[in-house]
Amino acid sequence: MAPALRRWVADRSVVGRSCVVAFVADRQSGSPFLLPVRHALVADAECAAGVCVFRLRMGDYTDLDDYPVTEDELRAEGHRYLDQLIALNDGQFYLATGCFPSRSMANDGMHSGPARWAGAAGRLAQHPTFRDSYFIRIDEPVLDRGGPVPFDEQGRLLLSDRRAVRLKVWFRTHGSVEGDERRLSCVTDGAHLRISFEDFCDIGSPYDAVEFWLQPSPVGFDALTRVTVAHGREGEHPEISAGFPVVVRRSRSRLLTRVTLSALGAFMIGLPAIVGADSPLLVRVLFAIVGTALLSVSTIAIVRGGS
């Protein structure tokens, strides 16, 4: 790590700074490979026993519209960039540095969608390390009625029971998929969170997307579960998997509705005794029927519905 960057870590001034995460390979060869992949913010950093650990909050993918595409062009650009980088750092190469060439890698503030992700994946696939790889992107979960679902500070997805969520997953590969028999699958615990339709998709094209629908089950208490997206050959152990924890929270509005209907139902059932035997029999029976119906709705439709 560059000395200046080490000082920033020591005095904590590095926290909150923006950075770019890049893939660098074959640096000591005559044709190194370099690709800026993603923007990030430094959330925390610390040095211990000569090792520095950076915790990053990942942001948008870099805009690579004007960046080389083929392997030869990428290696030529990487050679030029690394030469400039080493020159700016007094002839030294550092894995992490705050002094780099002025090539524009600024974050333009635009949300990076699948197109930017595919651009980065397609260029990474030019390197032998990723040539036969499958790249997977998990979009931000969206509620069934639209709008993103919040994550808390621990990176846990916060869901309310019985609110369906759409999870879109993109995949891309550089090679052919014919006869490969690979699939994407979405796995949950099946108790507090389940897949409302198919939980897998057979991969039949090099670049496509699949949408999984997640259905939280009614819960009597807040529950912690997990969503995992896995990739691999059918019938074999997944080659790669990624996911995130999910907190399924008991619906406060449903609980309030249940309490209200239960109280109202109990009141209606007891109302004939309050009004007395002098009231018409038909009215007393009607009160009891309405009260029983309200209790049934609160117990069966609200508590047990969807379980």
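Visitor: Which hand does the disulfide of cysteine 47 and cysteine 52 have, and why?
Guide: The disulfide is right-handed, because the torsion about the S-S bond of cysteine 47 and cysteine 52 is about 80°. Please keep in mind that this is a predicted model, where local features need pLDDT of at least 70, side-chain atom pairs count only at pLDDT 80 or more, and totals for chains, interfaces and linings use all residues. Residues are numbered from 1 along each chain as its sequence is written, and side-chain values use heavy atoms, with hydrogens and water left out.

Visitor: Thanks! How many disulfides does a search of the whole structure find?
Guide: The search finds one, taking a disulfide as a pair of cysteine sulfur atoms within 2.5 Å. Cysteine 47 and cysteine 52 are joined with an S to S distance of 1.9 Å.

Visitor: How accessible is cysteine 47? And cysteine 52?
Guide: Cysteine 47 has a relative accessible area of 37% and is partly exposed. Cysteine 52 is also partly exposed, at 21%. Here buried means under 20% relative accessible area, exposed means over 50%, and partly exposed is in between (1.4 Å probe, protein chains only).

Visitor: What about cysteine 99?
Guide: Cysteine 99 is in no disulfide, and the nearest cysteine sulfur, in cysteine 19, is 16 Å away. Cysteine 99 counts as partly exposed, at 33% relative accessibility.

Visitor: And why is the sulfur of cysteine 201 not in a bond with cysteine 186?
Guide: Those sulfurs are 12 Å apart, which is too far for a bond, and cysteine 186 holds the closest cysteine sulfur to that of cysteine 201.

Visitor: Switching to charges: how many salt bridges are there in the whole structure?
Guide: A search finds 14, where a salt bridge is a side-chain nitrogen of Lys or Arg within 4 Å of a carboxyl oxygen of Asp or Glu. One of them links arginine 137 and aspartate 139, with the closest N and O atoms 2.7 Å apart.

Visitor: Is that pair, arginine 137 and aspartate 139, buried or exposed?
Guide: Both arginine 137 and aspartate 139 are buried.

Visitor: What does arginine 156 pair with?
Guide: Arginine 156 forms a salt bridge with aspartate 152, and their closest N and O atoms are 2.8 Å apart. Arginine 156 is partly exposed at 30%, while aspartate 152 counts as buried at 19%.

Visitor: Which residues are linked in a network of salt bridges?
Guide: Arg12, Asp44, Glu46 and Arg55 are linked that way.

Visitor: Which side chain of opposite charge is nearest to arginine 123?
Guide: That is aspartate 65, 5.8 Å away; arginine 123 is buried yet has no salt bridge. For charge, Lys and Arg count as positive and Asp and Glu as negative, while His and the chain ends are not counted. Arginine 123 sits in helix α3 (residues 114-124). Helices (H or I, at least four residues) and strands (E, at least two) are DSSP runs, numbered from the N terminus.

Visitor: Last topic: what order do the strands of the three-stranded open sheet have?
Guide: The order is β1-β2-β3, with antiparallel pairing. The edge strands, β1 (18-25) and β3 (51-61), each pair on one side only. Two strands pair if DSSP finds at least two bridges between them.

Visitor: How many bridges join β1 to β2?
Guide: Eight bridges join β1 to β2 (residues 33-48), and the two run antiparallel. Alanine 25, for example, has phenylalanine 33 in β2 as its bridge partner.
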